[in-house]
Amino acid sequence: MNRTHATPLVGLAALGFVAGFLLEYGLEAYGRPLLVPPLTMPFTLVVVGAVVLGVAIPIRRAVTGKRNARIDPFQAMRIVVLAKASSLVGALLTGASLGAVLYFTTRPVLPAIGSMWLAIASCVGAAVLTTAGLIAEHLCTLPKDEDDDVPGSPRDS
């Protein structure tokens, strides 16, 4: 499994940005109330990020030799997939929250200050989730073995 690169994160953030902006625009165009993130959303995103980091730390301790317990490879793989999914979803939500913030600030009449702060807090919480996912993915990385073949080099017999 490859590590997460910046390209899908930036792409998902851009997609979320456009979707968040257009969703708010469409809701207002049809006379519906704007979509304001709930108060629990930023807190939930930060807690999920902390949980992802919390389950990745024992894997890192076992890999570095600070803990002698064996690691279940399937559990480690699930944690890596959770970390990757967290970083991707966090990037998408960061973009969507930024799109909502931009829409709120470009309106002729600004929404209630609480709505603006909730959208900004959701953006920060989603960025924390993205960062936690990337850090957890790094914590679960195995070091290179000395007997690993270098691509393009002849194999030793």
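## The main nonpolar core

In this predicted model, the largest nonpolar core is made of ten residues: Val52, Ala56, Ile59, Ala76, Ile79, Val80, Ala83, Ala136, Leu139 and Cys140. Three helices, namely H2, H3 (73-106) and H4, each supply at least two residues of this core. The biggest share comes from H3, which gives four residues.

Ile79 is a good place to start looking around. Leaving aside its neighbours within four places in sequence, Ile79 is in contact with Val55, Ala56, Ile59 and Cys140. There is also a second, separate core of five residues, with Val101, Phe104, Met116 and Ala119 among them. As general background, nonpolar side chains in soluble globular proteins tend to be buried together.

## How H2 and H4 meet

Helix H2 covers residues 40-64 and helix H4 covers residues 113-139; their axes come within 8 Å and cross at roughly 10°. Angles under 35 degrees count as roughly parallel, and H2 and H4 are therefore roughly parallel to each other.

On the H2 side, the contact is made by Met41, Pro42, Leu45, Val46, Val48, Gly49, Val52, Leu53, Ala56, Ile57 and Arg60. H4 answers with Ala121, Ser122, Gly125, Ala126, Val128, Leu129, Ala132, Gly133, Ile135, Ala136, His138 and Leu139. Sorted by type, the residues of this contact are 17 nonpolar, five polar and one charged. Val52 and Ala56 of H2 take part in this contact, and both also belong to the largest nonpolar core.

## Helix H1

Helix H1 runs over residues 6-29, and its length can be checked by simple arithmetic: at 1.5 Å a residue, its 24 residues should span 34 Å, and its end C-alpha atoms are 34 Å apart, which agrees. The expected span here is 1.5 Å times one less than the number of residues.

The buried residues of H1 are Leu9, Gly16, Gly20 and Glu24. These buried residues pack against H3 and H4. After H1 comes Gly31, with a positive phi near 75°.

## A closer look at Tyr103

Tyr103 sits in helix H3. With a relative accessibility of 5%, Tyr103 counts as buried, because the cut-off for buried is under 20%. Leaving aside its neighbours within four places in sequence, Tyr103 is in contact with Phe21, Glu24, Tyr25, Glu28 and Leu34. Of these partners, Glu24 is also one of the buried residues of H1.

For a sense of distance along the model, compare Tyr103 with Lys66: they are 37 residues apart along the chain, and their C-alpha atoms are separated by 49 Å.

Key:
Residues numbered from 1 in each chain as written. Predicted model: local features only at pLDDT ≥ 70, side-chain atom pairs only at ≥ 80, totals over all residues. Heavy atoms only, no water. Axes fitted to C-alpha atoms, helices over the stretch in contact; angles between N-to-C directions. Parallel < 35°, antiparallel > 145°, perpendicular 65-115°, else oblique. Contact = heavy atoms within 4.5 Å. Nonpolar A, V, L, I, M, F, W, Y, C, P; charged D, E, K, R; others polar. Core = buried A, V, L, I, M, F, W, Y, C linked by side-chain atoms within 4.5 Å. Buried < 20%, exposed > 50% of the residue type's maximum accessible area, 1.4 Å probe, protein only.
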